[in-house]
Structure formats: C-alpha cells, structure tokens
Amino acid sequence: MRIIKTTPTHEVWQDEYEGQKVQFTKNLLTGEIHVNAQDFAKVIGFDSLEDMMSDNKILDCINEVKKETGIFPITKQNF
C-alpha cells in the first residue's frame, strides 16, 4: 500500500486486490479510514457503484448497518 495524495486533512492510499486498484482515505484529524466505494463495488464483482447500489442484497445490508449504528455507511469524500 502506498500514499498517492496528501492534503492537510487527508491521506489517500492505494493498493491492489486481485488486480483491481483500491483506494483508501484516512482523515488525519479523526483517524477515520474510508474505502473508495467505486473501487469496493468493482472488487466485489459489480461493474460500477451504481450497479452495486441497485442490488437489493446490498441495499438490505446498508439499511441493516444504518439501523444498528445510526450511520449511513457510504459517504462522499470531498477534500
């Protein structure tokens, strides 16, 4: 895994999983780490994030996480 971008508040890391690039973002202020949702979708076999978000099993899983934690587990990162 290597750092590909750094800002005052974030680091973006990149690695590969079975030949597919996957980016992770670390918030340097909070320590939170997020995976790029588009990359995640491709790693688990979808053509795109839109395809993944159209899948009922994925939506059920997302809703279950939200119900249990109160947090919607997919967010847009802007930095």
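This is a short walk through the strands of one structure and how they pair.

Okay, before anything else: what you're looking at is a predicted model. So, how are the four strands arranged? They make an open sheet, in the order 1-2-3-4, and the pairing is antiparallel. At the edges you have strand 1, residues 2-6, and strand 4, residues 33-35, and each of those pairs on one side only. The sheet twists as you go across, by an average of 30 degrees from one strand to the next.

A quick reminder for anyone who hasn't looked at sheets lately: strands pair through backbone hydrogen bonds, and that can be parallel or antiparallel.

Now to the middle. Strand 2 covers residues 10-17 and strand 3 covers residues 20-27, and eight bridges hold that antiparallel pair. If you want to find the register on your screen, V12 sits opposite T25 of strand 3. Further along, E16 is across from K21, again in strand 3. Strands 2 and 3 form a hairpin with two residues between the strands, and there E18 has a positive phi near 50 degrees.

Moving over to the other neighbour of strand 3. How many bridges join strand 3 to strand 4? Three, and these strands run antiparallel too. The pair to look for here is F24, which stands opposite V35 in strand 4. This is another hairpin, with five residues between strand 3 and strand 4. In that turn, look for G31, with a positive phi of about 85 degrees.

One last thing to keep in mind while you rotate the model: in a regular strand, side chains alternate between the two faces of the sheet.

Notes: Residues are numbered from 1 along each chain as its sequence is written. This is a predicted model: local features need pLDDT of at least 70, side-chain atom pairs count only at pLDDT 80 or more; totals for chains, interfaces and linings use all residues. Side-chain values use heavy atoms; hydrogens and water are left out. Two strands pair if DSSP finds at least two bridges between them. Axes are lines fitted to C-alpha atoms, for helices over the stretch in contact, and angles run from 0 to 180 degrees between N-to-C directions.
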